[in-house]
Amino acid sequence: MVDNRYATALVIGSVLSLLAAVYLSVAVGTHHWYQYSSAPGAHNGSNASALRDDAVDNDFDEKIFSETFYHFNGTMGLWWWCILVPSESHGFKESEPKFKSQCKHFTLPQQFLPKYKHPGNRSSDEDLLRTYLWRCQFLLPLVSLALVFLSGLIGVCACLCRSFKPTLAVGVIHLLAALCSLGSVCCFLAGVDLLEKHAGPQRRVDSSLGWSLYLALISFPLQMMAAALFLWAARSHRKNYTRMIAYRVA
């Protein structure tokens with residue numbers, strides 16, 4: 001038999017785990033982790049148009065990639081980045097042009113490209129810190145989601161077998177998943193900060209955190225609370241079960 005307190009803790013922990021998985025999945029699939037807001041008039045000129053075409057049509061180049069965000073209002077995520085460009089019916093020189101969002105995704109090989117101390121200059125030395133920060137920022141949330149899925153399978157098997165013992169493993173797995181979610185956010189912010197320092201100061205560009213990053217950040221405490229509930233239920237139930245066995249033997 002499972003005490004009602006432990007059953008309630010398991011239900012609440014499962015709901016929190018599901019919410020965290022949904023929030024993290026939405027965060028991974030969207031591109032609003034970081035956003036740049038350029039000053040009025042930054043879109044004007046043929047240089048801006050050529051820069052936009054190079055960023056969208058050509059292969060990934062970190063220097064062009066960073067300069068594109070400095071000239072356009074752009075948003076960046078783990079797998080996508082978008083910029084606001086004038087629509088085809090409006091030119092760059094109009095006073096109030098209409099803009100549309102133009103997005104491009106990072107391919108899997110691009111996620112593993114090395115980063116250099118001088119962005120865009122492949123003859124310079126490789127910046128190992130930025131390279132591994134970039135790789136960890138998109139691998140860690142996938143690992144976190146995989147761990148949550150694994151814990152769900154263990155929980156289903158535990159229910160089918162009518163065993164409470166796997167609950168401890170479920171709590172530990174959720175704790176690891178929470179650390180991966182937090183690590184992804186930290187790696188992303190550290191990588192963006194280092195890229196801005198290498199690319200040089202941009203006086204006409206304002207940057208801010210996007211709602212996708214906040215969703216990933218919210219998933220961390222949700223997973224931590226779920227882990228705490230699972231660990232508490234497993235430990236308390238074990239103590240209670242041990243006392244019941246000792247009482248029966250006595």
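**Surface.** I looked up the accessible surface of the protein, and it comes to about 14,100 Å². Carbon and sulfur atoms own 63% of that area. I note here that the model is predicted.

**Burial and contacts.** Next I checked how much of the chain is hidden. The protein has 250 residues, and 41% of them count as buried. Then I turned to contacts with a separation of 6 or more. Residues 24 or more positions apart make up 74% of these.

**Elements.** I listed the secondary structure and found seven helices and five strands. Reading from the N terminus, I wrote the order down as α-β-α-α-β-β-β-α-α-α-β-α.

**Helix α5.** What span should this helix have, given its 34 residues? It covers residues 128-161. At 1.5 Å a residue, I expect 50 Å. The end C-alpha atoms are 47 Å apart, which agrees. I also found a kink of about 30° in α5, centred on Cys136. Just after the helix comes Arg162. Its phi is positive, near 55°.

**Gln111.** I found this residue in helix α4, residues 108-111. Is Gln111 buried or exposed? Its relative accessibility is 0%, so it counts as buried, the cut-off being under 20%. I then looked up what Gln111 touches, leaving out residues up to four places away in sequence. The partners are Leu78, Trp79, Phe106, Trp134, Arg135 and Phe138.

**The nonpolar core.** I moved on to the largest nonpolar core, which has 25 residues. Which of them touch the most other members? They are Trp33, Tyr36, Phe69, Met76 and Phe188. I also noted which elements give two or more residues to this core. Among them are the helices α1 (4-29), α3 (62-71) and α7 (211-249), along with α5 and α6. The strands β1 (34-38) and β3 (80-86) are on the list too. A general point for my notes: in soluble globular proteins, nonpolar side chains tend to be buried together.

**Phe188.** I picked this core member for a closer look. I set aside its neighbours within four places in sequence. Phe188 is then in contact with Trp33, Tyr34, Met76, Gly77, Leu78, Gln137 and Leu213. Of these, Trp33 and Met76 are also listed with Phe188 among the residues that touch the most other core members.

**Val172.** My last entry is a residue of helix α6, which runs over residues 167-199. Val172 has 40% relative accessibility, so it counts as partly exposed. I then compared Val172 with Phe230. They are 58 residues apart in sequence, and 8.4 Å apart in space, C-alpha to C-alpha.

Notes:
Residues are numbered from 1 along each chain as its sequence is written. This is a predicted model: local features need pLDDT of at least 70, side-chain atom pairs count only at pLDDT 80 or more; totals for chains, interfaces and linings use all residues. Side-chain values use heavy atoms; hydrogens and water are left out. Helices (H or I, at least four residues) and strands (E, at least two) are DSSP runs, numbered from the N terminus. Buried means under 20% relative accessible area, exposed over 50%, partly exposed in between (1.4 Å probe, protein chains only). Contact means heavy atoms within 4.5 Å. Accessible areas come from the Shrake-Rupley method with a 1.4 Å probe; for residues, only the protein chains shown count as cover. The expected span of a helix is 1.5 Å times one less than its number of residues. The bend at a residue is the angle between axes fitted to the seven residues ending there and the seven starting there. A nonpolar core is a set of buried Ala, Val, Leu, Ile, Met, Phe, Trp, Tyr and Cys residues joined through side-chain atoms within 4.5 Å.
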